[in-house]
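User: Hi! I'm new to protein structures and would like to learn how to read one. Could you walk me through a few features?

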Amino acid sequence: MIYADNAATTKMSCTAIDAMLPYMNELYGNPSSLYGLGQRAKEALEEARERIAACIGASPKEITFTSGGSEADNQAIRSAALLGARKEKRHIISTAFEHHAILHTLKKLEGEGFEVELLPVGELGTITAQQVAEAIREDTALVTIMYANNEIGSVLPIPEIGAVCRGRDVLFHTDAVQAAGHLPIDVKAQNIDLLSLSAHKFHGPKGAGVLYARQGIPLSSIIEGGAQERGKRAGTENVPAIVGMAAALEEACAHMEENTTKVSALRDRLIAGLSQIPHSALNGDPVSRLPGNVNFCFEGIEGESLLLLLDDRGICASSGSACTSGSLDPSHVLLAIGRPHEAAHGSLRLSLCEENTEADVDAILKAVPEIVGYLRNMSPLWKDKVSGQKEFVL
Ligand SMILES: *Cc1c(COP(=O)(O)O)cnc(C)c1O
């Protein structure tokens with residue numbers, strides 16, 4: 001099997017699993033319990049907090065554990081909106097191609113009296129700090145802009161956007177779920193006020209994430225209950241997963257440079273090979289791009305058929321994101337970068353990690369052109385295009 005869907009989730013590393021095992025076996029105490037067994041769990045929790053804080057340039061007090069990236073995104077936006085509303089600030093700036101954890105939360109806030117402004121991301125799928133500067137108003141409560149896009153891989157100018165927001169005294173949140181463990185993050189140097197990350201995107205376990213909030217920014221709990229996480233997130237902490245997350249993030253950050261070199265070379269070879277397919281187009285920024293992300297549109301192809309035939313050959317890939325597959329809607333990300341509806345249905349995302357090999361790339365480069373050719377040959381629409389009766393869009 002060739003796993004090329006690391007933007008959907010990753011395989012857990014042995015380091016993460018080994019770190020977790022004791023907390024699923026003998027060290028199963030509740031960190032809120034006062035006896036020794038509970039305190040051992042509490043110590044593990046606090047050590048994980050310190051290690052994760054160190055990886056992103058934060059201090060441990062600024063780290064709140066959540067159930068993952070979606071919860072961290074929800075809580076960051078809700079907390080900032082509440083703070084804004086107290087000062088009559090109800091304007092929120094974001095982009096059209098955020099993850100649904102962001103977009104759906106913003107949609108709800110619109111129904112609660114907030115005004116949401118989604119900045120256009122252009123053909124390459126990025127925005128400039130200048131766009132943010134021009135959009136900020138007196139009543140802007142929050143700017144929330146992702147660090148890197150999960151579908152098309154564009155990496156956004158986060159330090160520049162951070163500087164603009166800090167200069168205008170506006171809270172800045174970034175969904176860094178695709179960046180954490182893959183790109184350098186320094187919340188202080190990059191002027192980030194709130195940041196979300198998720199363990200299962202960097203070889204940690206599913207169901208664990210972090211919300212970083214700069215000291216002095218109060219978080220409001222979205223789950224009512226006990227006083228865990230200093231009252232910011234009720235519920236018994238998932239100690240094994242949190243310990244695994246810390247181990248995975250440390251490992252990813254320690255090997256970031258070598259992983260980036262290896263993975264981006266594989267990515268570039270894939271991009272060069274797939275570009276040879278006629279009527280295809282790379283999606284996303286060709287330069288400022290996640291090391292492992294490859295995303296193409298192939299005209300005349302249904303993404304779903306392509307994925308099923310790739311699966312037959314043992315290749316795991318995705319079309320759009322895991323969240324939109326299963327629905328027949330075209331990707332909101334591809335529509336945001338201006339791809340026509342027809343092309344937005346025919347996209348393929350391959351997301352690589354350091355465990356992928358040259359042989360994986362060779363196999364993908366053999367399979368994709370064959371399958372694309374096969375599907376096009378079966379399509380009456382494609383025949384119309386080849387004969388000139390219909391126009392190509394790519
Ligand atoms: C995966 C992902 C999320 C959601 O994280 P979960 O831990 O799966 O809830 C949010 N944002 C981005 C950009 C993602 O890639």
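**Reading charges, patches and domains**

Analyst: Let's start with one residue, keeping in mind that this is a predicted model. Lys-11 has a relative accessible area of 55%, so it counts as exposed, the cut-off being over 50%.

User: Which side chain does Lys-11 meet in a salt bridge?

Analyst: Here's the general idea: side chains of opposite charge can pair when their charged atoms come close. In this case Lys-11 pairs with Glu-355, at 3.7 Å from N to O. Glu-355 sits in the loop between β12 and α12, and Lys-11 in the loop between β1 and α1, so the pair ties together parts that are 344 residues apart in sequence.

User: What does Arg-137 pair with?

Analyst: Arg-137 forms a salt bridge with Glu-115 at 2.8 Å, and another with Asp-139 at 2.9 Å. Arg-137 is partly exposed, with a relative accessible area of 31%. Asp-139, at 25%, is partly exposed too.

User: How many salt bridges are there between domain 1 and domain 2?

Analyst: Zero, although the count for the model comes to 21 salt bridges. Domain 1 covers 56-237 and domain 2 covers 256-386. Between them they bury about 2,000 Å², 60% of it on carbon and sulfur atoms.

User: And which residues make the nonpolar surface patch?

Analyst: Ile-17, Leu-21 and Met-24 make that patch, about 250 Å² of it. Ile-17 is in helix α1 and is partly exposed, at 35% relative accessible area.

Key: Residues numbered from 1 in each chain as written. Predicted model: local features only at pLDDT ≥ 70, side-chain atom pairs only at ≥ 80, totals over all residues. Heavy atoms only, no water. Patch = residues over 30% accessible without salt bridge, like charges linked within 9 Å, V, L, I, M, F, W, Y side chains within 5 Å. Areas by Shrake-Rupley, 256 points an atom, 1.4 Å probe, with all protein chains shown as cover. Salt bridge = Lys/Arg side-chain N within 4 Å of Asp/Glu carboxyl O. Helix = DSSP H or I, 4+ residues; strand = E, 2+ residues; numbered from the N terminus. Buried < 20%, exposed > 50% of the residue type's maximum accessible area, 1.4 Å probe, protein only. Domains from an automatic or database assignment. Buried area = accessible area lost by both parts, 1.4 Å probe.
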